[in-house]
Amino acid sequence: MKKKTIILFAILLVILVGIACYMQYRYTHQSIKSFTATGCTAEGIIVKDSVSYLEVQFDDEKHTMKKIAVKDEEILKKISESNLQEIIGVNIASDIPKNVLEDVHLVSNINNFNPLQLLTETDKYDEFFEIADVSFSDEHSFVGKVLEETTTYMIVEPANDEYERTVAEKIKIEYGTDHLDYLYGTGRLVVIYYKGEINTDDGKMTSIKSDDISTEGFREWGMKVVPSNEQISKKIYDKAKPHDGDTTSHWYKQYNLYYHGLEDVIITVDGEQHSLAHALKRGKITMSAILAKANRDVADGVIQDLRYEDGGSAVFKYPDYTIVKYHTLDGNDDMYIGTPDIGIDVKNK
């Protein structure tokens, strides 16, 4: 009888150990699956160790950059054959084993688990994320140089780095309305906004129907500065003079432009980063657009400005930089972008 009890006890022990092992196995092999959609811009496709990655910049406060794997061949083909600048969002799938997550609070409540936060705030779990799909904007835009124009249409040459240049070297922009006596100016760089596809039918000149044209570059952009070790002013552009032979420079050399205490100013526009000097010359932004945004930021309460009774000079204070725009009675309309500590006296430094 005693022998039977020992055997039963041993069997029970084996069963309990087996159940414990199974539960441990299930726990260590459980994973948290998720599917998240978020806004972003695409920076490029990178191939590493035979795996393709889409480099994106999220629409969060930190403008987080991430390289996310694209493992589905159909999605990779879709991305490769499209204009990356038109990507406005991605769907991200994740499958993260519970035992991989190091912080207990991340899995203590699965309903509150935020995979996007995990992706943007750490690099530890990137390998468990992949692109499940991409979203494209129906609105397109590109920089073009005006070659010919009337009050009802213009013919533009898309810039070399624009997707539209791969479609045609010349594109006719049909307004749909008569601008009467208004012309943009031959040689000027403009940004064309349009929806739908480019018309290339019937062997006619490639055309787009749009009356949405910006003379101030792209409407959406961001700016950051690169500080210098020297607190000095350096001139970036001389203001264009009326007698200058190169009339195309009149559109971007609006004022004398200086940097003070800065190595460079970087503009993020149309999904790419450029030095401000390059972005101005390529028609991606204008000095007046920078000032217009500063005035909007003042009106929206984002920043404060200082106004001076010298004709209308203004100082716009951002956390990382300051913009000083002179408008004096003696004709000084210079523009300075510099370190946060500069003020209205920067011209004397």
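**A cavity and two unusual backbone angles**

The lining of the largest cavity divides into 6 nonpolar, 5 polar and 2 charged residues. That cavity belongs to a predicted model, and it's a good place to start looking around. The structure holds 1 cavity of 30 Å³ or more, and the volume of the largest cavity comes out at about 90 Å³. In total, 13 residues line this space. Leu189, Thr215, Trp251, Gly283 and Thr286 are the ones that lie nearest its centre. As for how such a space gets spotted, rolling a probe the size of a water molecule over the atoms shows where empty space is left.

Next comes the backbone. Most residues other than glycine have a negative phi. Ser50 goes the other way, with a positive phi near 70°. This serine sits in the loop between β1 (31-48) and β2 (51-58). Is Ser50 buried or exposed? With a relative accessible area of 75%, Ser50 is exposed, because the cut-off for that label is over 50%.

Leu180 is another case: though not a glycine, this residue has a positive phi of about 55°. Where is Leu180 found? Its place is the loop between β8 (171-174) and β9 (189-195). The relative accessibility of Leu180 is 65%, so this leucine counts as exposed.

Put side by side, Ser50 has its positive phi in the loop between β1 and β2, while Leu180 has its own in the loop between β8 and β9.

Notes. Residues are numbered from 1 along each chain as its sequence is written. This is a predicted model: local features need pLDDT of at least 70, side-chain atom pairs count only at pLDDT 80 or more; totals for chains, interfaces and linings use all residues. Side-chain values use heavy atoms; hydrogens and water are left out. On a 1 Å grid over the protein atoms alone, a cavity is a set of points where a 1.4 Å probe fits but cannot get out, and a pocket is an open set with protein on both sides within 12 Å along at least five of seven lines; lining residues have an atom within 4 Å of a point. Grid points are joined across faces, edges and corners, and a volume is the space filled by probe spheres set on the points. Ala, Val, Leu, Ile, Met, Phe, Trp, Tyr, Cys and Pro count as nonpolar, Asp, Glu, Lys and Arg as charged, and the others, Gly among them, as polar. Helices (H or I, at least four residues) and strands (E, at least two) are DSSP runs, numbered from the N terminus. Buried means under 20% relative accessible area, exposed over 50%, partly exposed in between (1.4 Å probe, protein chains only).
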